[in-house]
2 protein chains.
Amino acid sequence: MESITLQGGLSDRDTWRATSCSIAKALEVVGTRSAMLTMREAYYGAHRFEEFVRRVEITEAVAATRLRELTAAGLLSRVPYQDPGQRTRHEYHLTQMGADLLPALLALMQWGDRYLAEQPGGPLNVTHVGCGEPVTVDVRCAAGHEVDLGGLGVQVSRTRKTPASASPRAAR
Amino acid sequence: MESITLQGGLSDRDTWRATSCSIAKALEVVGTRSAMLTMREAYYGAHRFEEFVRRVEITEAVAATRLRELTAAGLLSRVPYQDPGQRTRHEYHLTQMGADLLPALLALMQWGDRYLAEQPGGPLNVTHVGCGEPVTVDVRCAAGHEVDLGGLGVQVSRTRKTPASASPRAAR
DNA sequence: ACGCTGACTTGGCAAAACAAAAGTCAGAAG
DNA sequence: CTTCTGACTTTTGTTTTGCCAAGTCAGCGT
C-alpha cells in the first residue's frame with residue numbers, strides 16, 4: 001500500500017516531525033468520544049441540553065463540560081430561548097466553524113459504514129436532498145480529480161518561512 | 001445554522017438514538033490521540049516501530065499497544081523485513097482498510113488548518129501529485145453536486161428492517 | 001552456547017475522560 | 001419573597017490513556 005509523497009524539505013522523514021500538526025490541534029478540541037458524538041447530534045439538529053444528554057447517552061456533567069468547551073472553542077454558540085411560562089434557557093447552535101467539521105465526521109461515518117457496521121453500508125443512508133443521490137466524502141484536487149493516498153503530495157506551506165533546514169522540523 | 005434533514009422514521013429525534021452509530025464504532029478503533037497520529041504517520045510513509053515512536057512522540061509501550069490494536073483491527077499489517085546482518089523484524093504497512101480512513105484524517109487536518117492553525121492555511125500543503133493542484137475533502141453526491149450541511153438528508157438504510165417503530169431506535 | 005539490541009511486555013503512577021450522586025444556580029411565575 | 005425545575009457544578013469513584021522505568025523476548029551473528 002502506498003503513502004503520501006513527501007516533497008521538498010519533507011522528503012526525509014528523519015529530519016522533521018509534525019510538531020504544529022493541524023490534526024493534533026483538532027484533536028485537542030474534538031478528540032474525545034463525547035465531543036465527537038455531541039457534534040454528531042448537533043448535525044442531526046439537536047439544540048437543547050437535555051437532548052444532547054439523552055441522545056449522546058452521557059451524563060449531564062459531561063454534556064455540560066463538552067457543550068461549554070465546544071462553545072468556547074467556537075463550534076457552537078449559545079442562543080437564549082424561552083418557552084411560554086418558562087424561564088430563559090439556552091440552545092446550542094452550530095457555528096460555521098462547527099458546521100465545517102462535518103466532512104471529518106461524515107468521513108468517519110463512511111469508513112465505519114464500510115468496515116465496522118453490522119449491516120453492509122451501515123444503518124443510515126446520507127443523501128443529497130436536492131437530487132436524492134447518495135453522498136460521499138471525496139478527496140479531490142482543485143482540477144476535479146479524485147485523488148487516492150498514492151496521488152497525494154505534501155509540502156511545507158508557502159506562508160511559512162523559507163524551507164530552510166529549520167523549517168522542515170516545524171511542520172504538521 | 002442549518003442541520004441535516006432527518007427523513008422518514010428519523011424525523012422525530014425523540015423517538016430514536018444513534019445506537020449502532022458508525023462514527024461511534026470508528027471511534028472505538030481510532031478514537032485515541034495516539035491511534036490517530038499513528039495513522040497520520042503511516043500515511044506519511046512510516047513503517048518501522050522506532051519511526052512511529054519518534055515521529056508520533058509517544059512511548060514505546062503506547063506505540064506497541066496502538067500498532068498491535070491497529071493491526072488486529074485490520075488497518076495495518078505486519079510485514080517481516082530484515083536488514084543485512086540483522087535479525088528479522090516487522091514493518092507495519094497500511095491495508096486498504098487503513099488507507100480508506102484517510103479522508104477522515106485529511107478532513108480533520110483541513111478543518112484544523114482553517115480554524116486552529118498558527119499560520120493561515122496551516123503548515124503543510126496537500127496537493128495532487130499528478131497535476132499540482134491543492135487537494136480538499138469534499139462532501140459530494142453521486143451526481144457530482146457539492147453538498148453542505150443543510151443539503152444533506154439521512155434515512156434509515158434500506159438493508160435494515162422496515163422503518164417500523166422499532167427500527168428508528170436502532171440507528172446510527 | 002553467548003552477546004547484542006530493537007521490539008516489545010510489565011508494573012506503577014499520573015492525568016484525562018467519564019459515571020453516579022448530590023448540591024447549587026437561574027429565571028420565571030405566583 | 002417562595003417555589004419550581006432544568007441547567008448546570010461539585011464531589012467521589014471508576015476506567016482509560018499515556019508516561020516512566022525496568023524487564024523480557026526474539027532472531028541474528030559469532
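Colleague: What makes strand E6 of chain A and strand E4 of chain B a pair, and in which sense do they run?

Modeller: Two strands pair if DSSP finds at least two bridges between them. Strand E6 (residues 152-156) of chain A and strand E4 (residues 124-128) of chain B have 5 bridges, in the antiparallel sense, so they qualify as a pair. One of the bridges joins A:Val154 to B:Val126. Strands here are DSSP runs of E with at least two residues, helices are runs of H or I with at least four, and both are numbered from the N terminus. Bear in mind that this is a predicted model, where local features need pLDDT of at least 70, side-chain atom pairs count only at pLDDT 80 or more, and totals for chains, interfaces and linings use all residues. Residues are numbered from 1 along each chain as its sequence is written, while chains are lettered from A and ligands numbered from 1 in the order in which they are written.

Colleague: Why is one side of E1(A) and of E4(B) left without a neighbour in the sheet?

Modeller: The open sheet has 3 strands in the order E1(A)-E6(A)-E4(B), with mixed pairing. Strand E1 (5-6) of chain A and E4 of chain B stand at its edges with a single partner strand each, so one side of each has no neighbour there. E1(A) runs parallel to E6(A), joined by 2 bridges, and A:Leu6 stands opposite A:Val154.

Colleague: How do you know that the chains are related by a two-fold axis?

Modeller: A turn of 180° and a shift of 0.0 Å along the axis lay chain A on chain B with an RMSD of 0.0 Å. That is the relation of a two-fold axis. The superposition is by least squares on the C-alpha atoms of residues with pLDDT of at least 70 in both copies.

Colleague: And what makes you say that the copies meet through the same surface?

Modeller: Of the interface residues of chain A, 100% are also interface residues in chain B, so the surface is the same. Contact requires C-beta atoms, placed from the backbone, within 7 Å. The contact takes 91 residues from chain A and 91 residues from chain B. On the chain A side, helix H6 (residues 102-115) gives the most, with 13 residues.

Colleague: Which residues are closest to DNA strand D?

Modeller: They are A:Ala61, B:Thr32, B:Arg33, B:Ser34 and B:Arg87, among 20 that surround the strand. Near means a C-beta atom, placed from the backbone, within 6 Å of it. H4(A) gives the most to that surface, with 4 residues.

Key: Two residues are in contact if their C-beta atoms, placed from the backbone, lie within 7 Å.
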